[in-house]
Amino acid sequence: MLDRTDKKILGILQEDCTLPVAEIGRKVGLSTTPCWRRIQRLEEEGVITRRVAVLDPAKVNAKVTAFVAITTNQHTEDWLERFAKAIKELPEVVEFYRMAGSVDYLLRVVVADIEAYDIFYKKLISKIEVADVSTTFAMERIKSTTELPLSFIALDKDKGRASG
């Protein structure tokens, strides 16, 4: 169970995980060691799964974002395992979801340009049989964040004081 201090630490780390632990501790009212212990616990419990650098797509020539909707008539566990393996081998796929509704799977793909998307598409359909692939291209990125909303955290009411 998380408390208010954990929630504050998570918010800070989502904004900038490069901050020194002493600075994070100062912001949440903890000394360095108890703050570090909390961060380690959050990692051990799988709340924090990794710390990464967020890149500017234009500066790494990944300027085109495509949303690829896939439908299939294959709904077996074996097919899904093969499909997931094929998708994991395609670095252009940055997000991969199994959906409810008329689309079975949704991919977010980033590539340099339309020609690069065509190459990606050909690789995709050569790896696995699908019934339909429908792609839409983003014209403008209006909001993009890696920060999850923390307002849904069920807080432990007995904790949350700035003790370690």
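Is D78 buried, partly exposed or exposed? D78 counts as partly exposed, because its relative accessibility is 48% (buried is under 20% relative accessible area, exposed over 50%, partly exposed in between; 1.4 Å probe, protein chains only).

This is a predicted model, where local features need pLDDT of at least 70, side-chain atom pairs count only at pLDDT 80 or more, and totals for chains, interfaces and linings use all residues. Residues are numbered from 1 along each chain as its sequence is written, and side-chain values use heavy atoms, with hydrogens and water left out.

Stay on D78 and add R82. They form a salt bridge, closest N and O atoms 3.3 Å apart (a side-chain nitrogen of Lys or Arg within 4 Å of a carboxyl oxygen of Asp or Glu). Both lie in helix 4 (residues 77–88), four residues apart (helices are DSSP runs of H or I, at least four residues, numbered from the N terminus).

Next, select D6 and R41. This salt bridge has its closest N and O atoms 2.7 Å apart. D6 lies in helix 1 and R41 in helix 3, so the pair ties together parts 35 residues apart in sequence. D6 counts as buried, because its relative accessibility is 0%. Add E45: R41 also forms a salt bridge with E45, at 3.4 Å between the closest N and O atoms.

Now show helix 2 (residues 21–28). Its buried residues are V21, I24, G25 and V28. They cover an arc of only 100° around the axis, which puts them on the same side of helix 2 (the arc is that of directions from the helix axis to the C-beta atoms).

End at G29, just after helix 2: its phi is positive, about 85°.

Notes. Helix = DSSP H or I, 4+ residues; strand = E, 2+ residues; numbered from the N terminus.
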